[in-house]
Structure formats: structure tokens, C-alpha cells
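Student: I'd like a close look at one part of this structure, and then a walk outward from there. Could you keep it informal?

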Amino acid sequence: MLSDNNPCGSKLLLALPDDTFAVVTQSLMPKDVFNLSVCCRSLYALASSDKVWLTQCELLGVIPHRDLIEWRKGVNSYKSLCRFLFHVQPIIGIWVHQNPELGNVVYVMPGFISVVGCRIIPQELGPLGLEEGPILWSPVFEIIADVDGSSAFILHGRERENNYMYPGSVKGVDRNCNVLLLEVEPRQQSNGGKLVHSKSFVGNSMEKEFSRKICPSDRGVSKSVRIHGQKSSVPFSRLAFGDRRKLIEIVTGQIRVKVPQLADGLSFPSSETEDLSNLSQRRSQVLQMYKRDNNPDDWKADHGPSIDCDPTQSDLAEIRRFLDKTTSSSRSQVHRDVYRMQCSKKKSLVGYFRDSFKHIIGKSSSINLEHTKSSSSGENNKHAQFQEFLRSGDTIGLTLHASTARLSSYRAWPNMHDSRFALYKLPNQEPVAGQEHAGLWGGTFGWPPGKPSADKPGKALFFLLLSYEESQGQRHLIGTKILEGTHYVLHPNGSAMFIVNTDEPSAEPFPWDCDGDSNVVNLKEAFSGEGIANGYGFRYPGSKPGSLFVFEDGMLVFMWKESRAVLTLQRVNLQHLLRKGERVPPLPPIANFSYLTKSYSNVYAGFSNGSNHASSPRGFFKEGAREDGVEETSRVVATRKSVSGIRIGRG
């Protein structure tokens, strides 16, 4: 019975033991627990206890209980830890981009008091097979939790044989985000020469994180702009592609910090029993780049400029001179490229591929040419927008924006923009009754499965995302290719390697009784369908009949009826594979986030030459190697080098 002298009715809750109250709050969202803590003074201490927020951390399901205990040592409280986990939870998953065609898969996973974006390198299957053998990967970005649970964003990149970090901020994370954008954001400079919003954890409270309400008209406007009551009339996304590229190049060239030796290592534990002291030291050193008050001049002397010691040093006239110079150079290069393409267009055995490739390059060049022409005119609207964007702050910085966009898709593969520095999230169906095979699978062509054979020591590693669709009253299982480990791409990104009708059993017999270890294979069921085949060309492949075989041990095998070729698949845990994997150097910063140049070759192998990983038989293919029956071109696409820039100030 509630007491009359307790009008808020909190006495009953206050009478509950901490453990019981933690159980009660299991039905609440983090924002509800926070709102409960601000209802009255008597509930604040109870709703702010570590036991309550530990329960909330567990309910988010980002990391297991044992990791929560370790992560808690690096933050102020479980409330702070829950704040960070709640913030980054939507980013965890598989992200892709169409370019290069051979594969651009970034898996965002928990690190050490952080989340880490890891690029899976196109590679061959190792001698130990998929389950035991490590896979090659390179770092793309990190979002690290500070002691108060706020987020610090770091982009990784490599320039002139050195690894760099590019510190920035997290602009915003929508709960249902499906696009991850690399952008540049104007920033204001407050009293004392310190930047406002130079990192995402400045001035953020739990209330803003868990329960803020944003007017629909303010969506797309940065948090720092809303806080200070100012709105940029030109969002970064509305700038021309050439302007966006220039700004990102300028900012990354200015804020880059050469990775110290201690910080140039793994950002997540390689095993469950690993000593975490080195990871803790690395995290502390990386976070120093975000601390303005701890001798920034000493940090700059030792490591180069950081984003925290970034005063406005240049006026708009200086920026215009720099941009006019780069624009003139770019315009000349575009004219040369267009002339070269017009003179070198010849038919060959791979004419279709080259024509398609040059068509894309030509499209990009024409856009850039149009932009450079328009930029030379001061009366042009785009040029005016660009200058207005520069005037909206004292300086600019790098941001990561996880937003929600209306995307069309075809067979579980999103249709992507060619001119956005973005990654696109793949919807991952969870295995449930009636959809037991949904999720991520890895495998190779050939039998026996899982391991290279004597006649074919190097087998290309494939990753497929399996999903279900209803069509005309029938249920189909679609195997969408998201990564291909060949030297030269055989199938376009996002193509359906097979489509089977799970309502139509197959009477096709499986031709083998045993696997490579002489173990008897027990067939559970089989379905009829179609597998990818040469048809209308690379972009529009055809299909031929086949069957999907499901075995008792969980293995899947798709066999083409005519050729008897088999694709063997087993369910994979990317986080487990990456923890046992081998780290290789990243690409240059912009290309490392999203590679906007069309390529059909393994560009990741080319950029990693010179490292001690380049000789790894699992990841880097010998020049001229190819799959049987696949024509190749010798054309290799190079990524533009980042230009060193200067700080941008308001004119």
C-alpha cells in the first residue's frame, strides 16, 4: 500500500532490494530507466545503481557478461558503459559497398571498450580450412568509449608507407541506420581558442543520449549546430562530389596523426584468455589525441597535429587560392583522361568488361569536368554553396554519420550511390523456425569441402549472406555473394549465387558418400533451384538448374546439374574468425572507407605490397593467376593520393 506522505508513489520501489529492482527494470528501455531516475530525488540513487545499469548492458546484448566486467574497468560506471553500448549498437553488423567489384565487406564488431570496423580482404582459403585457418583483414575505423561513455571516432589509413589515424567525431547514430557516411562538418570555436564539438563526447549528457527528441526539420543538422542554435544552410551531402572529395582530402591531410608504436596493434583481443593490459594501454594512448587539456603542444611535438589543437589559422582568401589551384590541376587531368579514353577505345576479347569500366570512368569524369567548369564561375550556385559551407564555422573536422535512408534493393543487395563516401548495411536475418539457414555462410568450390586439395592448393574463399523471400506464394532461399576471393572478379557484387525453392524438394542424388576425412555424410533434405552461370554478360549473369543439399551436420552444398560443380558452405562467425586473423595495412584514408573507383581486380593486395603480409598464401594472388575459363585484363586501377591540406576558417 502506498504511503499518503509519498505522493510520487516511490516508496514501494525504494523498499525493493537492489537485485529485485534490477529484475523489475528488465522490462524497461535505457531511456525509461533514466527517466525514472529524474522523477524524484529519492529514486535517483536507486535507478543509478551499477546493478540496474549492468542489467541494461546485458539486455542490449552487444557483448557477453564477462566482457562487461572487463569494460567496466575503463569507464566511470555501468551507466556510462550502457550509454556507449546504446550509442554504437546500431552500427554493429555487416557493411558493404559496390566498389571494387571483387569485394568491399566491412564488419563492425566489439573491440576493447570500443567497436571496430574491419575490412575482410579477398583471399584464398588457408591450409587449415575455414574453421581453423585465420583470415586476412585490415582496420577501417574505430569508435572508442571515453571514461564517461562518450564516443571518439578514428579513421584508419596508410600514406607513404606509414600508418595514420584520423581523429574525428560521431555526428549521429540513428537507431535503424542503414548508411554509414564519412563527412566533413563545420565547427565553432569557443572562448579560449577551443573547438566546440571537436569530439562527440563534449557536453553530452545521458538525457541527450537516451531521451532527446529532435524536430523532423532538424534531422540532418548536426548536434553541435542544434545546441548552439545555428543551422548550416548547406549540408555536406548537398555539395558537389568534387567539393566533398576536396574537403575530406584537406581535412584528413591536416588532422592525420602518425600511429605510435604502442597504438599500432590489435584493437580487440585475439582470444578469450588474452592479457588485456596491452589493449588498455593502447586505448589510453589513442584517447590522448582527444585530450586538449593535457599538454597538446607536447603531443604535437611528438606525434604531429591533433584535432584538439586546431585553431583557425587561415582566412577564406587563402582557402580559395588553394582550392583554385587544385581545381585547375584537376580540370587539366580530366581533359587528358577524356582524350585518352576516346583514343584508346578498342574492341577485344574482354571488350564488354573494358567498355563497361570505361563507361563508368567516363561518367565520373564528365561529372568532375562539369563541376570544375562550374566552379570556375563565381556566379554558379554550387560554387556559392561551397563557399557558404566554409563560412558556417571557424574550422572543419571529420565526422561519421550513421543515418537512415530509403534504399531500394534487389535480392537482399542495396542499390548504392556512386558518389557518396558511404557504406551500406546488409539486413541480416536471424535463423528462426522455417528460416533455419538465414545468416552468413562461407565456403569454396569443389569437393571435399573446407580444405585445399592436392590438385588445387588455393581455393577462393566466398562469403554468402543467405536470406528468405516470399514470391508468388512460394518461399525462396537466396544466397547473395558479398565477398569473392579470386584474383579477378567472376561474379558481380551482390549477385545471387543460387536461388532455391524451399517448397520444392529435389530428387537429384548427391554423388559422394564421404567427405575429405572419410567421414560419411548424412543427407537431410534437398531443394530444387537455379545457380549463377554465364548468360547475358557480367552485369546480368544467367542461371542454370541445380539443387541445394542440406546435411545433418549443418553443411550446405549447391550443385549445378549440368556441370556437376559444387559450392560447399558452412555457417561462419566473423568475430571469431577475425580474432584469429592476420592484420594487414589499410588503404589510403578515403579509399579505405569507401572505394569509389571501379575495379575488378584485388586492389587490397596491391596496396598492401611491401608489408610482411604480402607473401601470405591466403590473401595475395600471384600476378597473372586466374580461375579456369576466366579472361582477365591487365588494367589496374589506382586510388588518388590524399593531398595535404590547410585548416579552413571562416572568411
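Which backbone atom lies 3.1 Å from a polar atom of the side chain of Ser-114? Start there, please, and then take me along the strand and on to the charged side chains.

Tutor: That's the backbone nitrogen of Phe-112, 3.1 Å from a polar atom of the Ser-114 side chain. Before going on, keep in mind that this is a predicted model. Ser-114 sits in strand S3, which covers residues 114-120. With a relative accessibility of 2%, Ser-114 is buried.

Stay on S3 and you come to Arg-119, which belongs to that strand too. Here's a side chain to look at twice: Arg-119 is buried but has no salt bridge. The nearest side chain of opposite charge belongs to Glu-142, and that is 13 Å away. What Arg-119 does have is a backbone partner: a polar atom of its side chain lies 2.7 Å from the backbone oxygen of Asn-592.

So much for S3; what about Glu-142? Glu-142 is in a salt bridge with Arg-282, and their closest N and O atoms are 2.6 Å apart. This pair connects distant parts of the chain, with Glu-142 in strand S4 (residues 136-145) and Arg-282 in helix H12 (residues 277-287), 140 residues apart. Glu-142 is buried, at 2% relative accessibility, and Arg-282 is buried as well, with a relative accessible area of 5%.

That bridge belongs to a longer list, as the structure holds eleven salt bridges. Another one to pull up is Glu-101 with Lys-598, where the side chains meet at 3.0 Å, N to O. Glu-101 is in the loop between strand S1 (93-96) and strand S2 (105-110), while Lys-598 is in the loop between helix H18 (589-593) and helix H19 (603-607), so this bridge ties together parts that are 497 residues apart in sequence. Both ends, Glu-101 and Lys-598, are buried. A further bridge joins the side chains of Glu-484 and Lys-481, 3.2 Å from N to O, and Glu-484 and Lys-481 are both buried too.

The loop that holds Glu-101 deserves a second visit for its backbone. Pro-100 is in the loop between S1 and S2, and the peptide bond that joins Asn-99 to Pro-100 is cis, with omega at about -10 degrees. There is also a cis peptide bond between Trp-447 and Pro-448, this time with omega at about 5 degrees. Pro-448 is in the loop between strand S13 (439-445) and strand S14 (462-471). As background, most peptide bonds are trans, and most residues other than glycine have a negative phi.

With phi in mind, go past S14 to Gln-472, in the loop between S14 and strand S15 (474-484). Gln-472 is not a glycine, yet its phi is positive, about 55 degrees. Its relative accessible area is 81%, so Gln-472 counts as exposed. Arg-564 also has a positive phi without being a glycine, at about 65 degrees. You'll find Arg-564 in the loop between strand S19 (556-560) and strand S20 (566-571), and at 36% relative accessibility Arg-564 is partly exposed. For a glycine example, look at Gly-61, which follows H5 and has a positive phi near 70 degrees. Within helix H5 itself (residues 50-60), the buried residues include Val-52, Trp-53, Leu-54 and Leu-60.

One more stop inside, then the surface. His-401 is in strand S9 (residues 395-403), and it is buried, with a relative accessible area of 13%. From C-alpha to C-alpha, His-401 and Val-170 are 6.2 Å apart in space, although 231 residues separate them in sequence.

On the surface, a patch of negative charge brings together Glu-436, Glu-525, Glu-552 and Asp-553. Glu-525 is in strand S17 (residues 523-533) and is partly exposed, at 32% relative accessible area. Set that beside Glu-142, which is buried at 2%, or Glu-101, which is buried too: those two acids are in salt bridges, Glu-142 with Arg-282 and Glu-101 with Lys-598.

Note on methods
Residues numbered from 1 in each chain as written. Predicted model: local features only at pLDDT ≥ 70, side-chain atom pairs only at ≥ 80, totals over all residues. Heavy atoms only, no water. Patch = residues over 30% accessible without salt bridge, like charges linked within 9 Å, V, L, I, M, F, W, Y side chains within 5 Å. Areas by Shrake-Rupley, 256 points an atom, 1.4 Å probe, with all protein chains shown as cover. Salt bridge = Lys/Arg side-chain N within 4 Å of Asp/Glu carboxyl O. Lys, Arg positive; Asp, Glu negative; His and termini not counted. Charge placed at Lys NZ, Arg CZ, Asp CG, Glu CD. Helix = DSSP H or I, 4+ residues; strand = E, 2+ residues; numbered from the N terminus. Buried < 20%, exposed > 50% of the residue type's maximum accessible area, 1.4 Å probe, protein only. Polar contact = N/O pair within 3.5 Å; in protein donor to acceptor, adjacent residues only side chain to side chain.
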